[in-house]
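Open the model in your viewer and keep the selection box at hand. The tour goes stop by stop.

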Amino acid sequence: MIRLLIYLLVITGLAALITMLLSIDGALEADVRGYNVYVEVGVLLILVLMSFLAFGGLVWLISYLMRLPGKLAARRLEGKRQRGMLALTRGLEAVAAGDPEDAQRHARNAQKQLDEPALTRLLTAQAAQLAGDDETAEESFAAMLDAPETEFLGLRGLYLQALSSGDNKSAKGYADRAFKLRPNARWAFESVYQLSIDRGGWGEAQNALKLAARNGLAEGEHVRRKEAALLTARAYTSHNSGNSEEALKDLKVALKQAPGFAPAAVLAANLEGEKGNTSRAARIIEEAWSIAPHPALVKAYETLYNDEDLKKRTDRLIRLAEKAPDRDESRLLTAQQYILREEWETAKDMLEPLLQRTPNARTFNAMAEAMRGLYGEVQARPWFAKAASAPLEPVPGVDGEFHFTTEGWRRLVVEYGEHNRLAPPPLEEVSGALGADEIKLLTAPPPEPEVSENNEVDEADAQAVERDETEEIPAEEPESKSDQEEVRDKGAAPAELEKANKKDPPPPDAVVTGLPD
């Protein structure tokens with residue numbers, strides 16, 4: 001519609017122009033070689049105008065004819081490109097649908113129609129992967145490394161190929177190169193980080209974590225904890241190889257990231273103590289205890305002051321416990337110090353609330369020591385028995401030291417980084433908590449021996465008390481009856497009768513009676 005309107009306007013304009021030119025008065029008369037030429041001015045102007053239009057049309061025609069071969073060639077190329085793009089699209093659809101034969105067919109067609117290796121190589125590689133042709137896939141991905149626009153995709157493809165073939169070393173190399181090329185690529189960071197941890201490359205993993213943090217891929221407290229765990233793992237490796245200075249340097253950075261990380265605090269305090277920096281080592285332990293009390297911190301603290309007398313040393317440990325007064329580990333530590341001072345009653349009162357929550361073997365052992373100090377060995381036996389049957393504590397380092405293997409450090413980095421704990425919780429929840437009545441019964445003093453009217457202790461009770469305090473006294477031999485007869489007279493059970501028979505066998509022709517029905 002618009003074109004028709006423009007055409008009508010042009011025709012109208014030309015008609016108006018010709019009419020205007022024809023309306024011009026005047027004529028032009030000339031003598032050309034004996035011929036007298038008489039032309040009106042309007043007609044002359046129209047002829048000039050038509051000559052210009054004809055010349056312009058001729059020029060356009062010549063130009064069009066000269067451009068025509070190129071246009072035809074471009075049209076053919078465009079058609080070929082469109083067919084190639086269609087093949088490329090259908091090939092990618094086949095890859096997504098999991099049809100390797102169709103994908104490879106379209107990939108070959110796209111290679112013929114398109115002169116763009118960056119596009120066709122990716123389809124060829126993916127189709128080859130789908131068909132299980134690893135050699136072709138690897139060649140296609142490797143060829144993509146030559147072009148800057150496809151280098152990153154080629155690295156990812158080679159990385160996946162290496163992982164599928166179990167070549168973690170090559171996979172790590174491709175991931176490193178991709179991460180350097182694009183530090184904001186999450187898959188590249190996660191690949192470098194995980195592969196570094198798997199091979200025990202704590203420093204490489206920590207560097208990757210720092211680079212990811214700068215590029216906004218990792219942030220938050222869990223990143224700081226991961227970095228602290230990685231630095232601590234590297235510090236223990238350095239320390240085991242004899243490089244204590246490098247270990248201490250890493251530990252200082254780790255404690256800035258996570259001051260309550262017990263493995264870092266323990267080793268740092270030990271190294272500072274070996275250098276004679278006792279006060280600095282003590283501050284490290286105290287800060288760690290105030291955040292996350294741990295039994296290994298106690299051993300490291302005791303090592304710093306093992307040359308002091310009992311009173312000073314226990315005072316220091318009680319003050320250490322006061323750094324986190326509401327934690328059960330602090331209450332247990334305080335009770336243990338009162339036991340060392342032989343203040344048994346105070347220790348017992350402090351331990352009773354712990355027994356009603358989540359007691360462990362150390363709690364039961366402490367109560368056993370308190371009861372032995374108060375009432376003797378007999379009253380301590382039930383508590384030692386409970387300590388022996390108490391569930392194992394899942395937290396590493398309970399014995400005062402950390403002895404992680406490479407696999408242990410891997411797990412620690414994950415657990416502490418992601419969950420702020422040193423080990424995963426046990427699969428089965430086992431509680432050794434005691435009720436208030438049971439605690440009251442087990443902590444009660446032993447019964448007093450009965451006293452007769454003349455204030456003399458009954459001889460049998462005195463003997464019973466004496467047996468409890470020493471060891472069980474075997475029963476006396478019967479004077480007139482054999483052991484078998486005594487057991488039969490009492491209506492003993494078969495098991496007891498068998499035991500008696502072994503001790504004093506009956507004659508061959510004897511008949512055993514007295515067995516229960």
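Leaving aside neighbours within four places in sequence, which residues is Ala444 in contact with? Select Ala444 and look around it: the contacts are Met371, Tyr375 and Gln379. Keep in mind that this is a predicted model.

**Stop 1: Ala444**

Ala444 sits in the loop between H21 and helix H22 (459-469). Colour by accessibility. Ala444 counts as partly exposed because its relative accessibility is 27%, between the 20% and 50% cut-offs. Now draw a C-alpha to C-alpha distance to Met371. It reads 9.3 Å, across a sequence separation of 73 residues.

**Stop 2: the whole chain**

Zoom out and switch to cartoon. The protein shows 24 helices and 2 strands. Its length is 517 residues, and 32% of them are buried. Turn on a contact map if you have one. Count the contacts between residues at least 6 apart in sequence: 52% of them join residues at least 24 apart.

**Stop 3: the cores**

Select the largest nonpolar core, which has 77 residues. Five members touch the most other members: Phe189, Tyr193, Leu230, Phe261 and Ile285. Show Tyr193 as sticks. Beyond residues up to four places away in sequence, Tyr193 touches Ala205, Leu209, Lys226, Leu230 and Val413. Then move to a second, separate core of 22 residues. Leu354, Leu355, Met371 and Leu434 are among its members. Met371 also appeared at the first stop, as a contact of Ala444.

**Stop 4: Ala229**

Select helix H10 (residues 221-240) and find Ala229 in it. Is Ala229 buried or exposed? With a relative accessibility of 0%, Ala229 counts as buried. Show what surrounds the residue. Outside four places in sequence, Ala229 is in contact with Phe261, Trp409, Val413 and Tyr416. Phe261 is one of the five residues named for the largest core. Val413 is also touched by Tyr193. For a distance check, pick Trp202: its C-alpha lies 9.0 Å from that of Ala229, with the two positions 27 residues apart along the chain.

**Stop 5: aromatic rings**

Show Phe, Tyr and Trp side chains. A pair of rings is described by the distance of the centres and the angle of the planes. The model has 11 aromatic pairs. Take Tyr301 and Tyr305: their ring centres are 5.4 Å apart, with 65° between the planes. That makes the pair edge-to-face, because the angle is over 60 degrees. Both Tyr301 and Tyr305 are buried. Next, select Tyr236, Phe402, Phe404 and Trp409, which form one aromatic cluster. Trp409 is also in contact with Ala229 from the previous stop.

**Stop 6: H6 against H8**

Isolate helix H6 (residues 151-164) and helix H8 (residues 186-198). They pack at an angle of about 35°, and their axes are 12 Å apart. The crossing of H6 past H8 is left-handed. What meets at this contact? From H6 come Phe152, Arg156, Tyr159 and Leu163. From H8 come Trp187, Ser191 and Leu195.

Stay here for the charges. The charged end of Arg156 sits over the ring of Trp187, at 4.9 Å from the ring centre. Now add Arg182. Its charged end sits over the ring of Phe152, at 4.4 Å from the centre.

**Stop 7: Leu122**

Go to helix H4 (residues 117-131) and pick Leu122. Leu122 is partly exposed, because its relative accessible area is 23%. Apart from neighbours within four places in sequence, Leu122 is in contact with Phe141, Met144 and Leu153. Ala143 is 21 residues away along the chain, with its C-alpha 9.7 Å from that of Leu122.

**Stop 8: two positive phi values**

Finish with backbone torsions. Where is Glu342? Look in the loop between helix H16 (328-340) and helix H17 (344-355). Its phi is near 65°, a positive value in a residue other than glycine. Glu342 counts as exposed because its relative accessibility is 56%.

Then select Asn420, in the loop between helix H20 (406-419) and helix H21 (436-442). Asn420 is not a glycine, yet its phi is positive, about 60°. Asn420 counts as partly exposed, because its relative accessibility is 47%.

Methods:
Residues are numbered from 1 along each chain as its sequence is written. This is a predicted model: local features need pLDDT of at least 70, side-chain atom pairs count only at pLDDT 80 or more; totals for chains, interfaces and linings use all residues. Side-chain values use heavy atoms; hydrogens and water are left out. Rings of Phe, Tyr and Trp (its six-membered ring) pair if their centres lie within 6.5 Å; planes under 30 degrees apart count as stacked, over 60 as edge-to-face and the rest as tilted. Buried means under 20% relative accessible area, exposed over 50%, partly exposed in between (1.4 Å probe, protein chains only). A charge sits over a ring if NZ of Lys or CZ of Arg is within 6 Å of the ring centre and within 35 degrees of the ring normal. A nonpolar core is a set of buried Ala, Val, Leu, Ile, Met, Phe, Trp, Tyr and Cys residues joined through side-chain atoms within 4.5 Å. Contact means heavy atoms within 4.5 Å. Axes are lines fitted to C-alpha atoms, for helices over the stretch in contact, and angles run from 0 to 180 degrees between N-to-C directions. Helices (H or I, at least four residues) and strands (E, at least two) are DSSP runs, numbered from the N terminus. A crossing is left-handed if the near helix is turned anticlockwise from the far one by less than a right angle, and right-handed if clockwise.
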